[in-house]
Amino acid sequence: MDCDNCNNFVWDEDEQEYYCTADLDEDDVARLMQEDGRRSQCPFWESDNEYEVVRHQAF
């Protein structure tokens with residue numbers, strides 16, 4: 001899981017860059033930085049793949 005595939009990672013037209021919209025406080029950011037960039041541990045990660053989200057409804 002990485003930020004590129006997260007629903008919270010959105011494009012800002014004014015700044016011309018992506019940013020995270022998750023409600024992170026200083027403790028959350030510090031914990032994520034200490035985990036050597038392993039974003040799979042991010043508690044705010046949400047899949048942007050709508051098929052993955054509704055896959056359980058197909059059966």
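**A hairpin, a buried Asn and a nonpolar patch**

In this predicted model, strands S1 and S2 make a hairpin, with four residues sitting between them. Gln16 is part of that turn, and its phi is positive, at about 60°. The two strands run antiparallel, and four bridges hold S1 (residues 9-12) and S2 together. One pairing to look for on screen is Val10 with its bridge partner in S2, Tyr19. As a rule, side chains in a regular strand alternate between the two faces of the sheet.

Just ahead of the hairpin comes Asn8, which belongs to the segment before S1. Asn8 has a relative accessible area of 12%, so it counts as buried, the cut-off being under 20%. What does Asn8 touch, leaving aside residues up to four places away in sequence? Its contacts are Tyr19, Cys20, Thr21 and Ala22, along with Phe44 and Glu46. Tyr19 thus turns up twice, as a contact of Asn8 and as the bridge partner of Val10. With Phe44 there is also a polar pairing to pick out: a polar atom of the Asn8 side chain lies 2.5 Å from the backbone oxygen of Phe44.

On the other side of S2 in sequence, the chain passes through a loop that leads from S2 (17-20) to helix H1 (26-34), and Leu24 lies in this loop. Is Leu24 buried, exposed or partly exposed? Its relative accessibility is 31%, so Leu24 counts as partly exposed. Leu24 also contributes to a nonpolar patch on the surface, made together with Val29 and Met33 and covering about 270 Å².

Key
Residues numbered from 1 in each chain as written. Predicted model: local features only at pLDDT ≥ 70, side-chain atom pairs only at ≥ 80, totals over all residues. Heavy atoms only, no water. Patch = residues over 30% accessible without salt bridge, like charges linked within 9 Å, V, L, I, M, F, W, Y side chains within 5 Å. Areas by Shrake-Rupley, 256 points an atom, 1.4 Å probe, with all protein chains shown as cover. Salt bridge = Lys/Arg side-chain N within 4 Å of Asp/Glu carboxyl O. Buried < 20%, exposed > 50% of the residue type's maximum accessible area, 1.4 Å probe, protein only. Pairing = 2+ DSSP bridges. Polar contact = N/O pair within 3.5 Å; in protein donor to acceptor, adjacent residues only side chain to side chain. Contact = heavy atoms within 4.5 Å.
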